[in-house]
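Here's a walk through the model in front of you, going from single residues out to sheets, helices and the pairing of the chains. Keep the viewer open as you read.

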There are 2 protein chains.
Amino acid sequence: MHPLKQLMNPKSLAFWGASNNPMKMGSMQLANVLGTGYEGEVYPIHPKETSVMGIPAFGSIADVGKPVDLAQLTLPTEVVPGILDECGRAGIRRAIVISGGFKEVAGDRGKQLEREIKEIALKYDMRFLGPNCVGIFNSLCSLNTTTIHSPPGGGKIAFASQSGAYTAMINPYLRAQGISICQTLSVGNEADIDLTDCVEYLKDEPEVSAIGLYIETVRRPREFARVLRETVKEKPVVAIYVGGTEAGSRSSLSHTGALSGPDEVYDGLFRQAGVIRAEDIDQMFDMLRALSSQPLPAGGRMAVITNSGGPGSSLAYHIEKAGLSVPSFSDGLAARLDAVTGPLAFVRNPIDLTFETDMAIFTKLLELVFESGEVDGAFLYGIFGGPDFMVNIVKRFPELEQLKGGLGAKHGQFLAKLAGVPRAFGKPLVVMSFLGPDSASVGPLIDDGVPVFPSAVRAAGVMRALLEYRHIRDPA
Amino acid sequence: MHPLKQLMNPKSLAFWGASNNPMKMGSMQLANVLGTGYEGEVYPIHPKETSVMGIPAFGSIADVGKPVDLAQLTLPTEVVPGILDECGRAGIRRAIVISGGFKEVAGDRGKQLEREIKEIALKYDMRFLGPNCVGIFNSLCSLNTTTIHSPPGGGKIAFASQSGAYTAMINPYLRAQGISICQTLSVGNEADIDLTDCVEYLKDEPEVSAIGLYIETVRRPREFARVLRETVKEKPVVAIYVGGTEAGSRSSLSHTGALSGPDEVYDGLFRQAGVIRAEDIDQMFDMLRALSSQPLPAGGRMAVITNSGGPGSSLAYHIEKAGLSVPSFSDGLAARLDAVTGPLAFVRNPIDLTFETDMAIFTKLLELVFESGEVDGAFLYGIFGGPDFMVNIVKRFPELEQLKGGLGAKHGQFLAKLAGVPRAFGKPLVVMSFLGPDSASVGPLIDDGVPVFPSAVRAAGVMRALLEYRHIRDPA
């Protein structure tokens, strides 16, 4: 069993650093452990308090008197080695060391303390995350050991990161985007467990279907490439790397105590390993969302379906800029599309309905273009759900309130049917819309795995990543 | 007086196409006119109804018997010329023609009808927007003639667009981003008023401090360049252009009946005109937000202030990628920064506090780096507002509820002070945060004109645009 399996799915957790002072970092973390739905045993360890946040506390780990799967240490740097040794003696074999002040700070003392905790771990055959990390989240057992509440759980995306901020602080952004997460791991200084270990673990997690990595340095490049090459046969990996400029590497030197290499070196490593490189964290999650939910395109031929010229033109433009194509449809397909659309429509690709409120036409058009074999994927703009747009008209026609419910139900059925089309044909769909996850117009579509973006650049970039992964997984 | 002045600020509006059937486009638009706070006279014109949506309707414009500033026509194509002629006879000199089916559709009939309405307008010295447009929004007189409710008014950004979708459908996106709009104009087929006219008008609107353009074609390139060159001496213009690929121009040909030129031609035109080109609509609004609210940098030297390594590294990396620099600070400045920060901080640039919860330090550091003269602008990551993060801890310590209020008030004061620093020093600040406009942590900062982005790429791109406009406005 991979060492991270137990660390990420502990049946019991001993916690150092929480107290009855709510303004301490450890207290915030324990409050999140207790408030996220984790059902394992939780043992706060505190030298003085007999209970912490209303649950029994223990003077030391020896006092717990039961086997414990995982220790989390949110403690002053100097006391970490001693406590870690106590953990080892008590039989704990997995730990998360939140504390900073190790290798990442100037001077010899931090480096010496980091060597000490590595030696202690070796002595007890203990594996640990950190130091200088922010904790973990596992949606599968509702365990959140970070300071940030309400991670958006339930998804199929895993994320391992050398930046703590990106694994926890990013939650509000993910939630606003309608992105759900399965597991996140903050690796900190990687004194023991590193990103490569995380990928090796996540590769065999059946609930995880796409992996994101935030990388400032790769400590074992050969092993990284080997593990990643194996992983990407089964699931896609997207990484961002930000060590390649002078200031970037000066910054990350201060951050994790590791020196980064130039961009080109990492581009080569990623290519060799089959890793898709994203520009930044937002683009990475755009890609992961699509990769974890949409079929892969067999090639780069794309249909654009729109009921409005501007977004249609923008999509066509950015699809071609991204190296994909928007082929003109055959006469046969154009005739079949023409039979469905109104007289003002243009059907050669982009399909521009110019104005259309009957959403069912979208589903029909999508089926026709997928069925034709003339495209490998499709983009759609123009989904409106009726009720969202009736704010002022309802004030004038109160009788519409009733109609709104019916429109909403009909729209919900349309969305469910639309989301089924890419699955049925094994071809990807990416939607462009200025409406978000909280809107009735597109929210249910997002929940059903269709990526929705307010920008043609983002939509096209994501389709490009789907094709890129297809080429990685199934090389010609 | 510019012809658009009256069109965008009418004292009275005659409206064709609204009825007591709420599912008609015209009815949706009139409901928005009536529901957005417009205080001018509104005259629905309807052949049969004596009242529409509870206000008196008129059988024809002749029946109104008072001067009317503006007509909006949401009517079947064939009847538009006749009604426009009636408007002319009744003395109306400004019109918005929503109706489609003109030059943008295949066949000769649409082109002929478009020629007819141009001739009618000429005959009466009438100026009009459209046909095939979606209407206007003017926050200054609360006039919204589009089908989309609740435009996010109150800002300093104006937007003129050849795509109707981008001027109206985009409202929910802008609202979610915390972006406010002053005026939007949908120009449709530009049979009369075109984008160049819009810019000429917006140039002299004192409330507008940045202009966005969505362009598929420029009909009068020489005039465009002349007007834009004059405009950008006073306020920045950002444009997106999506006609440059094969499918892109095929698409926009169907859309507005105009053929687009290659990207390079437009790049040249924009350069000559002093227009900043954005990649897509989301990036354009990122830039407009900053350009309408932040001082311009005198050069490209940037400070990065962070309390977390990952975002700090990402910012440094993308700032350099964007052609700006993150210079290492002098010993003198480093010493002054060192006196303010904790022992674990790195102060050479990026300034990495590693962990810091006292937000006031950010203000102090920002003042020190601006005061030093060693940078032209700054980026900041790490703003947290306390209360946002206390969800679970408050469940365990109910007495914290009271504290939350105090933390919130203190945080509000910090944000107000922080937002004042760029104004005081005349140097721009861009903030990176995963929290949005609806959060207590950064929402008030956004409202106060500091751009906040969840991505280093977006943050750096915006600073780049500020510098680009500085070079355009004040050429060396």
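## Starting inside a strand

Not counting residues up to four places away in sequence, A:S161 touches A:Y166, A:T167, A:L185, A:S186, A:V187, A:G188, A:L195 and A:Y214. Bear in mind that this is a predicted model. A:S161 is found in strand β10 of chain A, and at 0% relative accessibility A:S161 counts as buried.

Now slide along to another residue of that strand. A:K156 also has its place in β10 of chain A, which covers residues 153-161. Is A:K156 buried or partly exposed? With a relative accessibility of 42%, A:K156 counts as partly exposed. Setting aside sequence neighbours within four places, A:K156 is in contact with A:S180, A:C182, A:E207, A:V208, A:S209, A:A210, A:S292 and A:S293. For a sense of distance, pick A:A345: A:K156 and A:A345 are 189 residues apart in sequence, and their C-alpha atoms are 38 Å apart in space.

Over in chain B, take a loop residue. B:T146 lies in the loop between β9 (143-144) and β10 of chain B. Buried means under 20% relative accessible area, and B:T146 has 4%, so B:T146 is buried. Its side chain makes a polar contact of 2.9 Å with the side chain of B:N144. Beyond four places in sequence, B:T146 is in contact with B:M28, B:Q29, B:N32, B:V134, B:G135, B:I136 and B:A168.

Here are the three residues side by side.

| Residue | Location | Relative accessibility |
|---|---|---|
| A:S161 | β10 of chain A | 0%, buried |
| A:K156 | β10 of chain A | 42%, partly exposed |
| B:T146 | loop between β9 and β10 of chain B | 4%, buried |

## The parallel sheets

In chain A, five strands make an open sheet in the order β2-β1-β5-β6-β7, with parallel pairing. β2 (41-45) and β7 (127-129) of chain A are the edge strands, each pairing on one side only. From one strand to the next, the twist averages 20°. Zooming in, β1 (residues 12-16) of chain A pairs with β2(A) in the parallel sense over five bridges, and A:S12 has A:E41 as its bridge partner in β2(A). Helix α3 (residues 80-89) of chain A lies across β1, β5 (70-73) and β6 (94-97) of chain A, and runs at about 170° to β5(A).

Chain B has an open sheet of five strands too, in the order β2-β1-β5-β6-β7 and with parallel pairing. Here β2 (41-45) and β7 of chain B stand at the edges with a single partner strand each, so one side of each has no neighbour in the sheet. Neighbouring strands are turned by 20° against each other on average, direction ignored. β1 (residues 12-16) of chain B pairs with β2(B) in the parallel sense over five bridges, and the bridge partner of B:W16 in β2(B) is B:I45.

Two helices of chain B are worth tracing against this sheet. α2 (residues 25-35) of chain B lies across β1, β2 and β5 (70-73) of chain B, running at about 160° to β1(B). α4 (residues 80-89) of chain B packs on the sheet as well, touching β1, β5 and β6 (94-97) of chain B, and its direction makes about 170° with that of β5(B).

## An enclosed helix

How many of the nine residues of α8 (residues 195-203) of chain B are buried? Eight are, so α8 of chain B is largely enclosed by the rest of the structure. The buried ones are B:L195, B:T196, B:D197, B:C198, B:V199, B:Y201, B:L202 and B:K203. They pack against α1 (3-8), β7 (127-129), β10 (153-161), β11 (181-186), β12 (210-215) and α9 (221-231) of chain B. At the start of α8(B), a side-chain oxygen of B:D194 comes within 3.1 Å of the backbone nitrogen of B:T196.

## Core and pairing of the chains

In soluble globular proteins, nonpolar side chains tend to be buried together. In this model, the largest nonpolar core has 291 residues, and A:F285, A:V369, B:F285 and B:V369 touch the most other members. Leaving out neighbours within four places in sequence, A:V369 is in contact with A:A303, A:I305, A:F329, A:L333, A:L337, A:I351, A:E374 and A:V375.

Finally, the two chains together. A turn of 180° and a shift of 0.0 Å along the axis lays chain B on chain A with an RMSD of 0.0 Å. The two copies are thus related as by a two-fold rotation axis. In chain B, the C-alpha nearest that axis belongs to B:A176, 4.5 Å from it. Of the interface residues of chain B, 99% are also interface residues in chain A, so the copies meet through the same surface.

Methods:
Residues are numbered from 1 along each chain as its sequence is written. Chains are lettered from A and ligands numbered from 1 in the order in which they are written. This is a predicted model: local features need pLDDT of at least 70, side-chain atom pairs count only at pLDDT 80 or more; totals for chains, interfaces and linings use all residues. Side-chain values use heavy atoms; hydrogens and water are left out. A nonpolar core is a set of buried Ala, Val, Leu, Ile, Met, Phe, Trp, Tyr and Cys residues joined through side-chain atoms within 4.5 Å. Buried means under 20% relative accessible area, exposed over 50%, partly exposed in between (1.4 Å probe, protein chains only). Contact means heavy atoms within 4.5 Å. Two strands pair if DSSP finds at least two bridges between them. Axes are lines fitted to C-alpha atoms, for helices over the stretch in contact, and angles run from 0 to 180 degrees between N-to-C directions. Copies are superposed by least squares on the C-alpha atoms of residues with pLDDT of at least 70 in both. A polar contact is a pair of N or O atoms within 3.5 Å; within protein, one must be able to donate a hydrogen and the other to accept it, and residues adjacent in sequence count only if both atoms are side-chain atoms.
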